[in-house]
Amino acid sequence: MGASRGQPIKLARVTKVLGRTGSQGECSQVCMEFMDNTSRSIICSVKGPTCEGDVLMHAHPAGV
């Protein structure tokens with residue numbers, strides 16, 4: 001997925017874990033900032049254990 005579909009993969013650092021979501025709390029909502037542009041941050045859902053300072057690969061669609 002990601003690069004094979006023409007979507008750029010970017011690295012993003014988790015700056016804050018906002019809370020749990022999903023019917024059984026299986027996802028975390030996190031605020032993350034892109035490492036190549038630290039003035040840009042987004043909120044997204046992440047599945048699996050996540051804490052502040054983690055670096056994630058984010059394959060975002062165009063326009064995000």
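Which pattern does the protein follow when read along the sequence? Colour the model by secondary structure and trace the chain from its start: the pattern is β-β-β-β. That comes to 4 strands and 0 helices. Keep in mind on this tour that you are looking at a predicted model.

**Stop 1: the whole chain**

Show the surface of the protein. About 4,400 Å² is exposed, and carbon and sulfur atoms supply 51% of that area. Of the 64 residues, 23% are buried. Now think about contacts between residues with a separation of 6 or more: 41% of these link residues that are 24 or more positions apart.

**Stop 2: Val14**

Go back to the cartoon view and select strand E1, which covers residues 9-21. Within this strand, click on Val14. Is Val14 buried or exposed? Val14 has a relative accessible area of 2%, and because the cut-off for buried is under 20%, Val14 counts as buried.

Next, display the neighbours of Val14. Leaving aside residues up to four places away in sequence, Val14 touches Val30, Cys31 and Met32, as well as Thr50, Cys51, Glu52, Gly53, Asp54 and Leu56. For a distance to try in your viewer, pick the C-alpha atoms of Val14 and Ser41: they are separated by 9.5 Å, although these residues are 27 apart along the chain.

**Stop 3: Thr50**

From Val14, hop across to one of its contacts, Thr50. Where is Thr50? Thr50 sits in the loop between strand E3 (41-47) and strand E4 (55-59). Thr50 is in a loop, and it counts as buried, with 17% relative accessibility.

Turn on the side chain of Thr50 and look towards Gly48: the side chain reaches the backbone oxygen of Gly48 at 3.2 Å. Beyond residues up to four places away in sequence, Thr50 touches Val14, Val17 and Val30. Val30 is a handy residue to highlight here, as it is also on the list of residues that Val14 touches.

**Stop 4: a nonpolar patch**

Finish on the surface. Which residues make the nonpolar surface patch? Select Ile9, Leu11, Met35, Val55 and Met57, and you have a patch of about 470 Å². Strands E1 and E4 are the elements that give two or more residues to the patch.

Zoom in on Leu11, one of the patch residues. Leu11 lies in strand E1, which is also the strand of Val14. Leu11 is partly exposed, with a relative accessible area of 43%, whereas Val14 is buried at 2%.

Definitions and conventions: Residues are numbered from 1 along each chain as its sequence is written. This is a predicted model: local features need pLDDT of at least 70, side-chain atom pairs count only at pLDDT 80 or more; totals for chains, interfaces and linings use all residues. Side-chain values use heavy atoms; hydrogens and water are left out. Buried means under 20% relative accessible area, exposed over 50%, partly exposed in between (1.4 Å probe, protein chains only). Contact means heavy atoms within 4.5 Å. A polar contact is a pair of N or O atoms within 3.5 Å; within protein, one must be able to donate a hydrogen and the other to accept it, and residues adjacent in sequence count only if both atoms are side-chain atoms. Patches are made of residues with over 30% relative accessible area and no salt bridge: like charges are joined within 9 Å, nonpolar side chains (Val, Leu, Ile, Met, Phe, Trp, Tyr) within 5 Å. Accessible areas come from the Shrake-Rupley method with a 1.4 Å probe; for residues, only the protein chains shown count as cover. A salt bridge is a side-chain nitrogen of Lys or Arg within 4 Å of a carboxyl oxygen of Asp or Glu.
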